[in-house]
Each structure stands twice: as structure tokens, then as C-alpha cells.
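Please open the structure in your viewer and keep the selection panel at hand. The tour below moves from one selection to the next and says what is to be found at each stop.

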Amino acid sequence: MDNARPVPFLKGHGTENDFVIIPDPEGRFELSKDAVARLCDRRAGVGGDGLLRVVRSARHPEARAMAGDAEWFMDYRNSDGSIAEMCGNGVRVFARHLVRAGLAPAGELAVATRAGLRRVRLDADGGGVTVGMGRAELPEGEVTVTVGGRSWAARHVNVGNPHAVAFVDDLAEAGPLRETPLVAPGSAYPRGVNVEFVVDRGPRHVALRVYERGSGETRSCGTGACAVMVAAARRDGADPTADGTPVTYTVDVPGGRLVISEGVDGGIEMTGPAVIVAEGTLDGTLLAG
């Protein structure tokens, strides 16, 4: 890559979970951890909770096996440059970019991710985006979340990436969330964990705050909202695969609102906004090193 050449980029968000988008169809860029962290820096870079690299599946070693089902691979990185398996808000923004750029038609499309294929449905009129998030896994074992000397029992839910969901009386109980919450036992999450603090707002209506591994507290987390919905449903006695009745929850995040449904086959769907807010070029040296 010519480090002096300007590099196209876009900026987008889903319920204010924001991302730097780097189109790289042929997989030419070698994005280092430091380069991603520079781009996501809110003072010295573009700024974002993470980075979405747009690569043809056939051109990426982690996605070639999915190329027959999904032309495009979402290479997602957290804002500290670390690699993550999935990002629910990110995949909506990723799909919005594909349609906006003429790389995919509105309607239904598949996106390859490190957590597998994700089916996405976009309204032709630019409205909401719905993502099939797959099934949740609920590993056994007790988990505890601790912040500022206070501890809560949490539910371990995996929705392509790991989450610890703690129900609290008030979201303020989580404090400023400037440091990573302590989650025990650490062996439950060998690659780190996203932590959600959740309160009830009404029947099948909850609100959350989230601390994302590699990014800190963010305005929204799509996989976290799905994990929260599943944890809340089980707490409330709802299990569609067991009782044969689909269930839908409204999940408020600091940056907006998501609607999460679980079907009788265990499949989870998330619907929410996805917006491209800017595009331009980067100094190529920001991606080097």
C-alpha cells in the first residue's frame, strides 16, 4: 500500500454506536492494532467505538469459506484495535453502506462475520435494518459482576460474542464506568467480556448501560441488547423454544431504541436504525505502522 495515497473512509452509527468504515474490497490493507486505535481516537483520529473494514469474503482468509453465501466480510475491530467476533450495530451500518454504495441491493443480503453468516433485511425507503443474529447460548455456571465495591449476580449469554448481564435497581448504580468491571470467575471469559447493567421500564421493556471490551462504555451495543433480551425473557419465564411462543422486547440504550425478538426456533432478530453520516479521505500514513 502506498502510505502517501489518500484512503477513502466513511463514518456511520447505529443508535449512536459509531464506526469508522474503511472500504477495502480486495483486502489490500494491513490494519495494525495501533493504526485502528489511531483512527478511532476521538481527538487525534476520526473517532469511533470501532472500525468496520469492508472486504470481499473471497479476499479474506477468515471468510473465504463463506464466500459462496456472502460476497462481503465485516472485518470488525474494537476502538483499541483488538479483533471482535461480531458487532450487532456494526453489521447494520455495514449493510447500510453496501446498499448506499451500490455494492448490494436493498432487501435481503448476507454478511460474513467472524461469528458466521448474518442475514440482514433493509427497507428500500431507508428505514430500519433487521439482522438475524442467530441463536443465543447460555453457558451454565454462576457469574458475578463487581463495580466500585458493589456486586451483582449476572447471566452469561453468548450471542456470537460473550456478555455478562446484570439486573440492577438503577442504572446509576454502575457508576461512571471508566474502568473495566470485574467479572468472576475470569475463567468464564478467556477472551474478555461485554458487561450490561439492566433495569426494567415496563412489560417486556428494559433499558441498559454497557461496558464493551476493548471500547469502554458505549452509547449502544447490538449484541448486548440481544443478550439482555434473552436474559430478561428467561428471568420472566419466557423461552420460545420450550413454550412455542415468540417473544419481543423493547431495549432502550443511551443512544436510542432497539427491538429484539426471539422465535420458536431460537433465532434472534434485532431491528434498529443505521445511518451513514459522513465520507471523505484519510491521510494514508494513519493506516501505516
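Begin with the enclosed space: the count comes to 1 cavity of 30 Å³ or more, where a cavity is a set of points, on a 1 Å grid over the protein atoms alone, at which a 1.4 Å probe fits but cannot get out. The volume of the largest cavity is about 70 Å³, a volume being the space filled by probe spheres set on the points, with grid points joined across faces, edges and corners. To display its lining, meaning residues with an atom within 4 Å of a point, select Tyr76, Asn78, Ala84, Met86, Cys87, Asn161, Asn194, Glu212, Arg213, Cys221 and Thr223.

Before going further, note that this is a predicted model, in which local features need pLDDT of at least 70 and side-chain atom pairs count only at pLDDT 80 or more, while totals for chains, interfaces and linings use all residues. Residues are numbered from 1 along each chain as its sequence is written, and side-chain values use heavy atoms, with hydrogens and water left out.

Next, select threonine 113, which lies in strand β5 (residues 107-113); helices (H or I, at least four residues) and strands (E, at least two) are DSSP runs numbered from the N terminus. Is threonine 113 buried or exposed? Its relative accessibility is 0%, and therefore threonine 113 counts as buried, the cut-offs being under 20% relative accessible area for buried, over 50% for exposed, and partly exposed in between, with a 1.4 Å probe and protein chains only. Two polar contacts can be drawn from its side chain, one to the backbone nitrogen of alanine 115 at 3.0 Å and one to the backbone oxygen of glycine 116 at 2.7 Å. A polar contact here is a pair of N or O atoms within 3.5 Å; within protein, one must be able to donate a hydrogen and the other to accept it, and residues adjacent in sequence count only if both atoms are side-chain atoms. Leaving aside residues up to four places away in sequence, threonine 113 touches Met66, Phe73, Met74, Glu85, Met86 and Arg118, contact meaning heavy atoms within 4.5 Å.

Now colour the nonpolar cores, each a set of buried Ala, Val, Leu, Ile, Met, Phe, Trp, Tyr and Cys residues joined through side-chain atoms within 4.5 Å. The largest has 53 residues, and those with the most contacts inside it are Met74, Val120 and Ile260. Its largest share, 9 residues, comes from helix α3 (residues 222-235). A second, separate core of 19 residues includes Ala154, Leu177, Val193 and Val195.

Stay with helix α3, whose 14 residues reach 20 Å from the first C-alpha to the last, close to the 20 Å expected at 1.5 Å a residue, the expected span being 1.5 Å times one less than the number of residues. Because 12 of its 14 residues are buried, α3 is largely enclosed by the rest of the structure; among the buried ones are Gly222, Thr223 and Cys226. From cysteine 226, draw a distance to leucine 258, 32 residues apart along the chain, and the C-alpha separation is 9.2 Å. Leucine 258 is in strand β16 (residues 256-262). After α3 comes glycine 237, with a positive phi near 85°.

Helix α2 (residues 88-100) is the next selection: its 13 residues should span 18 Å, and its end C-alpha atoms are 19 Å apart, which agrees. Of these 13 residues 11 are buried, so α2 is largely enclosed by the rest of the structure. Just after α2, glycine 102 takes a positive phi of about 75°.

Finish with the loops. In the loop between β1 (7-14) and β2 (17-23), select threonine 15, whose phi is near 45°, a positive value in a residue other than glycine, and which is buried, with a relative accessible area of 2%. Glutamate 16 lies in the loop between β1 and β2 and is partly exposed at 36%; not counting residues up to four places away in sequence, glutamate 16 touches Asp49, Arg219, Pro254 and Gly255. Leucine 177, in the loop between β10 (162-167) and β11, has a positive phi near 50°. The last stop is proline 185, in the loop between β11 (182-184) and β12 (194-202), where the peptide bond from alanine 184 to proline 185 is cis, with omega near -5°.

Methods. On a 1 Å grid over the protein atoms alone, a cavity is a set of points where a 1.4 Å probe fits but cannot get out, and a pocket is an open set with protein on both sides within 12 Å along at least five of seven lines; lining residues have an atom within 4 Å of a point.
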